[in-house]
Amino acid sequence: MRPLFRGAAVPGAARSRALVWPLLLAALGALQTVAFVHTAAWPLPLLATAVLAAAVARAAPGRAALLGWAFGTGWLAAGTWWLFISMHRYGAIPAPLAAAAVGLLAAALSLYLALAMAAFARWRTGRAAPDALLFGALWTMAELARGVLFTGFPWVASGYAQVDAPLAVLLPWVGVYGVGAVAAALAAALAAGWPARVVAVAALGLAALLPAPDFTRAAGTLDVALLQPNVAQDDKFAADRMPETLAWVARALTTAEAPLVIAPETAVPLLPDQLEDFAPGYWAALVAHFTPPGRAALVGVPLGDFRVGYTNSVVGLSEATAAQPYRYDKHHLVPFGEFIPPGFRWFTDAMNIPLGDFNRGPLVAPSFAAAGQRIAPNICYEDLFGEELARRFLDPATAPTMLANVSNIGWFGDTVAVPQHLAISRVRSLELQRPMLRATNTGATAVVDHRGRVTAQLAPFTRDVLSAQAEGRDGVTPYAWWAARAGLWPLAVLAAAAVLWRAIVSGRRG
């Protein structure tokens, strides 16, 4: 019986050992998301990625794909678990189905990383420098695929964890994906042995010593007032709570003394016809208040009707808009929340979310002029797409001097989505060297300067108005210059060329 016992036990033990690394890497992928909230923990993703690189370097391509998929699934599930709240608490999706949807999304988006790790295992050379470059290139292609294909979902892209790291000095040059590529290459070097580790640490040290480049110049200051209504998502569209909300928004808008007042996404949550029926004269009073010189406002409000369709919009109010109305319509819409992907009508029908199918606004929209500044609005997670914001910088003479993000992430409750979104805005400010004025429903309402520093902020989940000053900027960063003209293609072409070269060389040697 003893030989039979051993023979039966060995396969089970082997299977158990085979599961250890996928589970460990899934845990490391999840653990590294701490750095997207507590940005001082920026070394954590580098170390986690180094462990992944070391594991796939010893694996066959199929095994490497599994390891990359496990790491990515843990990463995305832990980084975006708050989607469960919007679907279950506010969308009325049953908890098991909502949890399964988050898990399936993370698993599906991690297939890009799985393919990248399989390719790395197939084409690696065993030499530190070429392998680090190959790993960084494949990592970049996986992140670009996740961030662009099927409208893109680049939340917790690896570069965001480096906003307070030495590598942040590269953001005005190469953007968040370029920083992610460099971080991945350094992580692979850390996994390659002591000589390469020394080089990687030295590179980080050198980056820490480099002065932050200044590609822009001051263009005057502007006092602003940013509203944070703090309306729970349960109450936002409740008819019995709406009068009090509308009254507070109107009072805050009209009593603020700053030359520019900004109210968040859907601060006025009714369509124009609905608003006039619900609160006659409300909008006309706001328009009248901001018509005199020296007053301006940006107000988040849905627009449209059944005939022309609906838009998630920001309306500008000022002396100039009395003759020439200003509106910004959101371009990059949220799947399922703001537009319905083909074949998924059944899913959105199961969700209790009003105004779930919007029209798309133009990619390049004019800025709103106020007090000598050109303010470029973006709505909610549009600031996740730096390459799209960069399109507005094609002509330096008309480029924005300030960015304004209006958001309502009350859909996701009191979760890590709030500080994650603030970090995203900080990266945009560093890439484009523009201040970001953030007016949000529940947080984080803040002013971020052109160096990515938070200069003023309200406590999340409080009702208040943030009075602060921001400095506008003129000039264009290298990232804004090339992304305005070519989008993300330069990074994609460079990464693809590096991978293709490695594949050709490997094929010749094979």
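Helix α3 (residues 61-79) packs against helix α6 (residues 111-123) at an angle of about 145°, and their axes are 7 Å apart. The model is a predicted one. The crossing of α3 with α6 is right-handed. On the α3 side, the contact is made by P61, A64, A65, G68, W69, F71, G72 and W75. On the α6 side, the contributors are L111, L113, A114, M117, A118, A121 and R122. Sorted by class, the residues of this contact are twelve nonpolar, two polar and one charged.

**A second helix pair**

Two packed helices are described by the angle between their axes and the distance between the axes. For helix α2 (residues 43-57) and helix α8 (residues 171-190), the axes come within 8 Å and cross at roughly 60°. An angle of roughly 60° therefore makes α2 oblique to α8. This crossing, too, has a stated hand: α2 and α8 cross in a right-handed way. Which residues of α2 meet α8? They are L46, T49, A50 and A53, and their partners in α8 are A183, A187, A188 and L190. By class, the contact of α2 with α8 holds seven nonpolar residues, one polar residue and no charged residues.

An α-helix has 3.6 residues a turn, so residues three or four places apart point the same way.

**Helix α4 and the residue after it**

Helix α4 covers residues 83-90, and its buried residues are L83, I85, S86, M87 and Y90. Just after α4 comes A92, which takes a positive phi of about 65°.

**Two threonines with positive phi**

T151 and T266 each have a positive phi without being glycine. The table sets out where each threonine lies and how accessible it is.

| Residue | Phi | Loop | Relative accessibility |
|---|---|---|---|
| T151 | about 75° | between α7 (128-148) and α8 | 27%, partly exposed |
| T266 | about 45° | between β2 (260-263) and α12 (272-278) | 11%, buried |

Buried or partly exposed: which word fits T266? T266 counts as buried because its relative accessibility is 11%, and buried means under 20%. T151, at 27% relative accessibility, counts as partly exposed.

**Two buried residues and their contacts**

S425 is found in helix α16, which spans residues 417-432. The relative accessible area of S425 is 0%, so this serine is buried. Which residues does S425 contact, leaving aside its neighbours within four places in sequence? They are D383, M436 and R438. With D383 there is also a polar contact of 2.6 Å, which joins the side chains of the two residues.

H331 lies in a loop, the one between β5 (326-329) and α14 (345-349). H331 is buried because its relative accessible area is 16%, which is under 20%. Not counting residues up to four places away in sequence, H331 touches R360, G361, P362, L363, E382 and E388.

**A cis peptide bond**

The peptide bond from G443 to A444 is cis, and its omega is near 0°. A444 is found in the loop between β9 (436-440) and β10 (446-448).

Conventions
Residues numbered from 1 in each chain as written. Predicted model: local features only at pLDDT ≥ 70, side-chain atom pairs only at ≥ 80, totals over all residues. Heavy atoms only, no water. Buried < 20%, exposed > 50% of the residue type's maximum accessible area, 1.4 Å probe, protein only. Helix = DSSP H or I, 4+ residues; strand = E, 2+ residues; numbered from the N terminus. Polar contact = N/O pair within 3.5 Å; in protein donor to acceptor, adjacent residues only side chain to side chain. Contact = heavy atoms within 4.5 Å. Axes fitted to C-alpha atoms, helices over the stretch in contact; angles between N-to-C directions. Parallel < 35°, antiparallel > 145°, perpendicular 65-115°, else oblique. Left-handed = near helix turned anticlockwise from the far one by under 90°. Nonpolar A, V, L, I, M, F, W, Y, C, P; charged D, E, K, R; others polar.
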